Structure formats: structure tokens, C-alpha cells
Amino acid sequence: MKTLTQSIRLTLVLLVLLCVIYPVLISFAGKLSKGQGDGEKVTLNGKTVGYALLGQKFDKPQYFWSRPSAVGYNAAGSAGSNKGPSNPDYLKDVQSRIDTLLKYNPGIKKSDIPADMVTSSGSGLDPAISPQGAAIQIKRIAAIRKIDEKQVADLVAVNTQKPLLGLFGPSTVNVLELNIALDKLK
């Protein structure tokens with residue numbers, strides 16, 4: 001009986017701690033963050049066009065393309081593809097992405113294509129591409145928009161986010177923010 005009473009007390013304490021106190025603390029911490037716990041919204045002309053930390057599909061030739069998503073950019077279900085590097089369907093998807101990049105970006109070689117442009121991230125919602133992923137698209141975008149390649153390259157450089165403290169993580173380019181800046185060039 002003593003063990004049963006202790007078990008019930010411990011269960012009640014953990015219920016209050018984990019189902020009430022912890023969620024309230026996390027909610028409070030979220031309210032102190034940049035987006036007040038609702039995500040960091042990106043706005044254009046007073047209208048929300050996306051979120052800074054959630055990838056979106058960009059596949060029109062006049063824009064920088066996003067990293068592929070295993071979940072179709074659906075933020076309700078974050079996930080990777082779960083297909084291994086020897087899976088025939090996965091290899092077919094990657095080859096299709098490579099072929100598309102080569103078709104729309106003449107002058108680049110297969111060896112120029114960084115992995116992030118043909119494979120999805122672990123979450124499937126990565127909002128950024130590598131600076132190399134942006135660089136291979138500069139010529140296409142400049143030609144379609146009839147702007148100088150150097151101007152587009154400078155835009156990529158300005159929108160490249162360096163590693164935290166210069167040490168932690170890779171350099172990245174947020175595709176949504178880069179495409180908004182690209183539209184403002186007109």
C-alpha cells in the first residue's frame with residue numbers, strides 16, 4: 001500500500017510539473033523570442049509572405065530555387081525522406097533534380113551542383129541553401145531578368161549569413177529573403 005501511495009503522489013507531481021509548469025515556461029520563453037512564439041514572419045508590402053525559418057517552394061526560372069523538400073514544404077509534418085542512398089526511387093529523384101538543374105542552368109557541370117540542391121534536409125523544411133547553391137543559379141536569373149550577373153552575385157553575397165560567431169555551422173542563404181531582395185532590384 002505504501003508503494004502504491006508513493007506511486008500515485010509521484011504521478012501527480014510529474015503530471016503538474018510536465019503538463020502544466022513546463023508548457024507554461026516554454027510558452028513564456030517563446031513570447032520572449034523574435035516572433036513572440038508565432039514564428040519570424042517575413043512581410044512584403046504589409047502582407048505576410050512566409051516565415052524566415054520555414055522553407056517554401058520556389059521553382060520558377062526567374063527566382064532562386066529552394067532546397068528540395070521530402071514533405072512538400074508542409075510545416076504540419078516535418079520529416080526526411082527515409083530513403084537510403086542505395087534506394088532506386090531515391091536515386092531516381094536525385095538524378096531528376098540534377099537533370100533539371102543542368103537543363104535550366106546551362107554552363108554548369110554536374111560536379112558544380114552542391115548536395116543541398118538535390119537532397120532534402122532532415123526536416124524537409126530547410127529555408128536556406130548554400131552559397132554554392134545560389135551561385136550556380138546566378139547566370140540563369142541574370143539572363144531571364146536581364147540584369148548584370150555581378151549585381152545578382154552581389155545580392156547573394158549581401159544575403160549570405162555567416163556561421164554563428166564565425167565558427168558554428170555553414171554559411172547559408174535564406175531563399176525567401178533573397179528572392180524578395182531580387183524582386184526589389186527592378
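**Notes on a predicted model, starting from Arg67**

1. Let us begin with a single residue: at 16% relative accessibility, Arg67 counts as buried. The cut-off for that word is under 20% relative accessible area. Please keep in mind that this is a predicted model. Arg67 belongs to the loop between S2 and H2.

2. What does Arg67 touch, leaving aside residues up to four places away in sequence? Its neighbours are Tyr73, Asp116, Thr119, Ser120, Ser121, Asp126, Ala128 and Ile129. With one of them, Asp126, the Arg67 side chain makes a side-chain to side-chain polar contact of 3.4 Å. A polar atom of the Arg67 side chain also lies 3.4 Å from the backbone oxygen of Asp116.

3. Thr119 is a good next stop, since Arg67 is among the residues it touches. You will find Thr119 in the loop between helix H2 (88-104) and strand S3 (128-129). Is Thr119 buried or exposed? With a relative accessibility of 16%, Thr119 counts as buried. Beyond residues up to four places away in sequence, Thr119 touches Arg67, Pro68, Tyr90, Val94 and Arg97. The side chain of Thr119 also reaches the backbone oxygen of Ala115, at 2.8 Å.

4. Now step back to the whole chain. How many helices and strands does the chain have? There are six helices and five strands. In sequence order they follow the pattern α-β-β-α-β-α-α-α-β-β-α.

5. The overall dimensions deserve a look. The C-alpha trace spans about 80 × 45 × 30 Å along its principal axes. For a compact globule of 186 residues one would expect a radius of gyration near 16 Å, but this chain has 22 Å. Of the 186 residues, 31% count as buried. Among contacts with a separation of 6 or more, 56% are between residues 24 or more positions apart.

6. A word on the surface and the charges. The chain exposes about 12000 Å², and 60% of this comes from carbon and sulfur atoms. There are 23 positive and 14 negative side chains, and the centres of these two sets lie 5 Å apart.

7. Helix H6 (175-184) is worth your time. Why can H6 be called largely enclosed by the rest of the structure? Seven of its ten residues are buried, so the description fits. The buried residues are Val175, Leu176, Leu178, Asn179, Ile180, Ala181 and Leu182. They pack against strand S1 (41-44), strand S2 (47-51), S3, H4, H5 and strand S5 (172-174). At the start of H6, a side-chain oxygen of Asn174 comes to within 3.1 Å of the backbone nitrogen of Leu176.

8. Helix H4, residues 138-145, has its own buried set: Ile138, Arg140, Ile141, Ala142 and Arg145. An α-helix has 3.6 residues a turn, so residues three or four places apart point the same way. The cover over the buried residues of H4 includes H2, helix H3 (131-135), helix H5 (149-158) and H6.

9. Arg145 can be singled out within helix H4. Arg145 has a relative accessible area of 18% and is therefore buried. Where does Pro61 lie in relation to Arg145? The two are 84 residues apart in sequence, and their C-alpha atoms are 9.6 Å apart in space.

10. H4 is followed by Lys146, which sits in the loop between H4 and H5. The phi of Lys146 is positive, about 55°, although Lys146 is not a glycine. Most residues other than glycine have a negative phi. Lys146 is exposed, with a relative accessible area of 72%.

11. Asn45 is another residue to check on the backbone. Its phi is near 55°, a positive value in a residue other than glycine. Asn45 is placed in the loop between S1 and S2. Is Asn45 buried or exposed? Its relative accessible area is 78%, so Asn45 is exposed.

How values were computed: Residues are numbered from 1 along each chain as its sequence is written. This is a predicted model: local features need pLDDT of at least 70, side-chain atom pairs count only at pLDDT 80 or more; totals for chains, interfaces and linings use all residues. Side-chain values use heavy atoms; hydrogens and water are left out. Helices (H or I, at least four residues) and strands (E, at least two) are DSSP runs, numbered from the N terminus. The radius of gyration is taken over C-alpha atoms; the globule rule is 2.2 Å times the number of residues to the power 0.38. Buried means under 20% relative accessible area, exposed over 50%, partly exposed in between (1.4 Å probe, protein chains only). Contact means heavy atoms within 4.5 Å. Accessible areas come from the Shrake-Rupley method with a 1.4 Å probe; for residues, only the protein chains shown count as cover. Lys and Arg count as positive and Asp and Glu as negative; His and the chain ends are not counted. The place of a charge is taken as NZ of Lys, CZ of Arg, CG of Asp or CD of Glu. A polar contact is a pair of N or O atoms within 3.5 Å; within protein, one must be able to donate a hydrogen and the other to accept it, and residues adjacent in sequence count only if both atoms are side-chain atoms.
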